[in-house]
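Please consider the protein chain shown here. The account is meant to be read beside the sequence and the model.

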Amino acid sequence: MRETLVLNASFEPLATVALRRAVVLVMQNKAVVEQAHGGLKVRAAHVELPVPQVIRLRRYVKVPFRQRAPWSRRGVLVRDRHRCAYCGRRATTVDHIVPRSHGGGDTWLNTVAACAADNHRKADRTPAEAGMRLLVRPFEPTPADALLLALNFRDGEGLPDWLRLPAPAA
Ligand SMILES: [Zn+2]
């Protein structure tokens, strides 16, 4: 897949994104094209754009000092692509693997996206206690993921295809 480098407004490189995502950022006026492939065009909506190699965000994005994304429910859903960690169906809730009542915290490694039915079924138990198996291993988002969250993608915008995820567990 063709990728585009994203620079911060300050020209500092932030991440690479899929071409389609880069085009959307330009179309939404969130980024400008700094460098394009000569001759190659991409058609988006009703316009033709040169294929962007490098884009730059119009607004400066503060990258967290530690380059770690602060935990949030929305962030967990985005990280897990709204897929339930127990059944793979669409997830709308966040499950604490070790329940909060057992001392489990609001951390990236202790939370996964879950469908309402599985979250309800698991209730106040660990997966082992509930006889449920995690299909995916939760992970701490990378700096590129942190950028995504900092850009404030909303759930309604669809799944960001440039969010890098480890291959799903077999
Ligand atoms: Zn489920």
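The paragraphs that follow move from the overall architecture to the sheet, and then to the first helix.

The model is a predicted one. Its protein chain contains five helices and six strands. Read from the N terminus, these elements follow the order β-β-α-β-β-α-β-β-α-α-α. Of the 170 residues in the protein chain, 28% are buried. The contacts can also be considered by sequence separation: among those between residues at least 6 apart in sequence, 59% join residues at least 24 apart.

The next subject is an open sheet of four strands, arranged in the order E2-E1-E4-E3 with mixed pairing. E2 and E3 are the edge strands, each pairing on one side only. From one strand to the next, the twist averages 35 degrees.

The mixed character of the sheet can be followed through the pairings made by E4. Strands E3 and E4 run antiparallel and are joined by nine bridges. Within this pairing, Val42 has Leu49 of E4 as its bridge partner, and Val32 stands opposite Arg56 in E4. E3 and E4 form a hairpin with two residues between the strands, in which Ala45 adopts a positive phi near 55 degrees. The pairing of E1 with E4 is parallel and comprises three bridges. Here, Leu5 has Val54 of E4 as its bridge partner.

How does helix H1 lie with respect to E4, and across which strands? H1 lies across E1, E2, E3 and E4, and runs at about 90 degrees to E4. The helix spans residues 19–27, and its buried residues are Arg21, Ala22, Val23, Val24, Leu25 and Val26. Which strands do the buried residues of H1 pack against? Their packing partners are strand E1 (3–7), strand E2 (13–18), strand E3 (31–44) and strand E4 (47–57). Just after the helix, Asn29 has a positive phi of about 70 degrees.

Taken together, these features describe a helix set against a sheet. The open sheet has the strand order E2-E1-E4-E3, and H1 lies across these strands. E4 pairs in an antiparallel manner with E3 and in a parallel manner with E1, while the buried residues of H1 pack against E1, E2, E3 and E4.

Methods: Residues are numbered from 1 along each chain as its sequence is written. This is a predicted model: local features need pLDDT of at least 70, side-chain atom pairs count only at pLDDT 80 or more; totals for chains, interfaces and linings use all residues. A residue is buried if 20 or more other C-beta atoms lie within 10 Å of its own, exposed if 12 or fewer, and partly exposed in between; C-beta atoms are placed from the backbone. Two residues are in contact if their C-beta atoms, placed from the backbone, lie within 7 Å. Two strands pair if DSSP finds at least two bridges between them. Axes are lines fitted to C-alpha atoms, for helices over the stretch in contact, and angles run from 0 to 180 degrees between N-to-C directions.
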